[in-house]
Amino acid sequence: MRSRLSIASIFSASLRILLWTGEAAGFCASVFENQQDHILLGQVIETVNVTDEFECHRKCIGNSTCKSFNVHPPKSNPMKNLKTCEINNQTRQTKPNQYKKKIGSSYHGSVEVSCVNIMETNSQKKSGPCQPGFSGKQCTVKKGSSPDFPGISCKDIRNSSNAQKNGEYWIDPKGTGHPFKVYCDMTTDGGGWLLVMNVITGSSHSNQLSVVTSYRGISDYHSNKMVVTTSAMKQLYGDLHFQQIRFHCRKQSVRRTFHVVTAANRSGNAVVQYFSGLTNVEPVSCGSYVRMEDDNSELARRCSEWNHGKSGKWSHSIGTWNGTVQRLYNHVAWISGQHHWDLVMRNPFECDDMRASLSCGDFWKVFVR
């Protein structure tokens, strides 16, 4: 039996964290995450009626095989408005395929954290302000700040912890227990943006790119030459089901910035589907994106002229480069012979220009949310 020594609770719109030490080998403490409108199916070992989530949590602590629990809202019956508590012997990390959406219910599962984190947390309670990665009066570990407590995505971290600082975070899209570091933009247009492509020119102006063929490779964003294949985007879409893509490039020699985000409509969704490799139908450009405040590009202003023959569409079927499909970095958007987004075919790279010279700090970035 696990002995309960202490509990610290933090509540937000979508997250509650409970900490306690225990005797189980291999870890010092457990963190209980709370995911609203989700449950873990097929792992129930006990079902009881409870008055609230806290009572269900106590039932879990009292069961040596409990790893997580589901709480369902009261049914329309005369049982004094009791909720249904389901005790599980697995977590969403160990059974990711059984983690499903269910409106009105909630999933509460344990996540292992290190003794170092707990010791730092306890120390901060006595000494004052929290260390980086911790927040609140109890200095609780922040979601996404540690491999022990990753988020599903940048958007999940933003929504759960109200993170407002751009930088590195830990995510585990499939809940497999193998998190990795990514860069999240938590400030632009409401935040929650995951960086999937990052090219920044240096003093040498080298056009050599680092091609990512698996989405875990987006951890290499700091190389400043990372581009992602369509197959990697398709893999990422399958795990995250992101709804928007944001394209951002800037070139100093022409004083141009192309900065657009796909619109929340059918046309915008068609762009997401195309660049994620779910369709080969080139999407229509006009009406499919929204210009950001800093956009001053001719491309964004003249959408009807995009693509070869001025067909008014994103990209074009140009095949592969070095054996990889390259939709996100070869002619993403272009007006023939005038204004291009291109990182492959021409020298130098192009952002709303055609062969204008490069400067140190020119960049091409793609985000998803």
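In this predicted model, Gly217 is partly exposed, with a relative accessible area of 27%. That value does not fall under the 20% required for a buried residue, nor does it lie over the 50% required for an exposed one, so Gly217 belongs to the class in between. The residue is found in the loop that runs between strand S13 (210–212) and strand S14 (225–228). Leaving aside residues up to four places away in sequence, Gly217 touches Val212 and Met226. A further reference point is Val196, 21 residues away along the chain, whose C-alpha atom is separated from that of Gly217 by 8.9 Å.

The wider setting of this loop can be described by a few totals. The chain comprises 6 helices and 23 strands, and of its 369 residues, 50% count as buried. Among contacts with a separation of 6 or more, 59% are accounted for by residues 24 or more positions apart. About 16,900 Å² of the chain is exposed, and carbon and sulfur atoms supply 48% of this area.

Next come the strands. Strand S23 (residues 363–368) has 6 of its 6 residues buried, so the strand is largely enclosed by the rest of the structure. Its side chains divide by direction: Phe363, Lys365 and Phe367 point one way, while Trp364, Val366 and Val368 point the other way, and all are buried. Strand S23 has an antiparallel pairing with strand S12 (residues 193–200), made over 6 bridges; here Met197 has Val366 as its bridge partner in S23. An antiparallel pairing over 6 bridges also joins S15 to S23, and in this case the bridge partner of His248 is Lys365.

Lys365 takes part in another arrangement as well. The charged end of Lys365 sits over the ring of Phe363, 5.5 Å from the ring centre. A comparable description applies to Arg246, whose charged end sits over the ring of Trp193 at 4.9 Å from its centre.

Attention can now turn to the aromatic residues. A pair of aromatic rings is described by the distance of the centres and the angle of the planes. Across the whole structure, the search finds 15 aromatic pairs. One of them joins Phe247 and Trp314, with 5.1 Å from centre to centre and 35° between the planes, a tilted geometry. Phe247 belongs to strand S15 (residues 245–251), whereas Trp314 is placed in the loop between helix H6 (298–301) and strand S18 (320–321), so this pair ties together parts that are 67 residues apart in sequence. Phe247 counts as buried because its relative accessibility is 0%, and Trp314 counts as buried because its relative accessibility is also 0%.

Trp314 has a second aromatic partner in Trp306: the ring centres are 4.9 Å apart and the planes stand at 85°, so this pair is edge-to-face. Trp306 is buried, as is Trp314. These residues belong to one aromatic cluster, formed by Phe247, Phe258, Tyr274, Phe275, Tyr289, Trp306, Trp314 and Trp341.

Definitions and conventions:
Residues numbered from 1 in each chain as written. Predicted model: local features only at pLDDT ≥ 70, side-chain atom pairs only at ≥ 80, totals over all residues. Heavy atoms only, no water. Helix = DSSP H or I, 4+ residues; strand = E, 2+ residues; numbered from the N terminus. Buried < 20%, exposed > 50% of the residue type's maximum accessible area, 1.4 Å probe, protein only. Contact = heavy atoms within 4.5 Å. Areas by Shrake-Rupley, 256 points an atom, 1.4 Å probe, with all protein chains shown as cover. Phe/Tyr/Trp six-rings, centres within 6.5 Å; stacked < 30°, edge-to-face > 60°. Lys NZ or Arg CZ within 6 Å of the ring centre and 35° of its normal. Pairing = 2+ DSSP bridges.
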